[in-house]
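User: Got a model here that I'd like to pick apart. Can you walk me through how its strands and core fit together?

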Amino acid sequence: LYDGSSPPPLSVVNFLEGITSPEHSRLGADGNEEVLFSVTAVRHTTLRPPTFHGLDIALASLMFSGPNVTSTCRVDCVNASGTLRLQQNPRVYGVVEYAVQMLGSDLVHNITIESRMLLNLVAPIVLVVQEDQGAMVFPDAVFVEGVPGPVALQGCSFSLTTMLGSALFATPPHLTTRENGTAGKNAVEYTLAPNMFGNASILVSAECDDPDAHGWLRQVVNVTLVVLPVNDAPFFLYNCSAPYHIAPATVHTTCLPRCSATAPGSALACGILLPVEENCAGCALGPSPGPSPMEGCLFPLVVPGLVYATAPSDSDAVIPEAQTLTFHITPLSPSAASRLLDARFPTPTIDVASGTLSACLAPNQHGEALFNVTLSDSGGRARSGEDSSWELLTLRIIRINIRPSFSLMLPYTLSAFDEAAAPDFTYSCSGGYGCVGPPPLPEEDDAY
């Protein structure tokens, strides 16, 4: 059987049996009788012409060495055995009949050796790629060995069928002959569907015409394609209409363009602008989420649902293990943040489940602070995956004019009332606003 490469030497022990040497056989170097055989080709047949496929199928080209027969005797050769040895030439085939004759004897035995093709389909057994790699090409991946002759005359056809895992592909695997490829070798091409991973089973088959008319030669190879998962960055959006003020038409959030994939801390006009009045005047307070609300905060800022559409990944087939999401908020202008926020609550927080932002404002402060908001998942960064995404948050505290205040030293007693000497002073009116003018005339000994 021809295996497509340089065939190894072949030995068939006990190929001949019952060998008895003729009388007066000469002794070999070991002192034992020596029995010699001649092996002569007497017939070479093939159903193809000698020049089929441009190959030399002449009788002399079939064997690289041999065949020959040798025997081992012990003193006199009686009922000994012989061994057949031969080595084929690569890429030749046919049927040859040989005459085996013991030298010194008229006895001849004929043997027939048939050399057939053995089709060897070469294809990758396992292909390992990564999720989201898109269009893939594996040049010269599928071909056959063992079919002699020029590629154009080999009469081979190939097919490829996806047995399992078809959902992994936007374009299913197929075989192509590429211009820059090797003659007779086929490329495997496909396009992966985005955000999909898993295993696919692909059946590659080849069928070639046997040039010696033994019928069609067929072989199949099962290829396993492994698409390894790559973690995608988690995802979130700002709610540009999140309510948090009693006058939302006047004080409201402003969504800026989404931040590009640059390093956090860049001076980007992106993310969201969150304005609030000094001392959180006008804030419409809501519940502070989480197990540890901001107890003791004098000026709490609560924005329900500031973040929404939170997801571990933008993938339709995320890594199966449940992922944990966490928001981290880092001040990018630390001095401004420490001045504008209560020291007991130095950074805002965002609840993953509700998307609610909570912060505690420092008393009587105004200005602007920039924060980086990062959402992280537990999917890791194996195979260059991404486990975090970020946006910017600008907190702008608007200065408001606070009315002045004063207090009176009371009681004030007039022991002898003199209307002309009655003092003019400012006194407190309903509503808490100061009123200027003389008080009502008191009666004698009234206290103010």
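User: Happy to start with one pair: which residue in E24 does Ala369 stand opposite?

Analyst: Quick caveat: this is a predicted model, where local features need pLDDT of at least 70, side-chain atom pairs count only at pLDDT 80 or more, and totals for chains, interfaces and linings use all residues. Residues are numbered from 1 along each chain as its sequence is written, and side-chain values use heavy atoms, leaving out hydrogens and water. Strands (E, at least two residues) and helices (H or I, at least four) are DSSP runs numbered from the N terminus. E23 and E24 run antiparallel, joined by ten bridges (strands pair if DSSP finds at least two bridges between them), and the residue opposite Ala369 is Leu395.

User: Which strand gives the largest share of the largest nonpolar core?

Analyst: A nonpolar core is a set of buried Ala, Val, Leu, Ile, Met, Phe, Trp, Tyr and Cys residues joined through side-chain atoms within 4.5 Å, where buried means under 20% relative accessible area (1.4 Å probe, protein chains only). The largest one has 33 residues, and Leu301 and Leu395 have the most contacts inside it. Its largest share, four residues, is from E23.

User: Why is E23 largely enclosed by the rest of the structure?

Analyst: E23 also pairs antiparallel with E20 over six bridges, with Phe327 bridged to Leu375. The strand is largely enclosed because the number of its ten residues that are buried is eight.

Technical notes
Buried means under 20% relative accessible area, exposed over 50%, partly exposed in between (1.4 Å probe, protein chains only).
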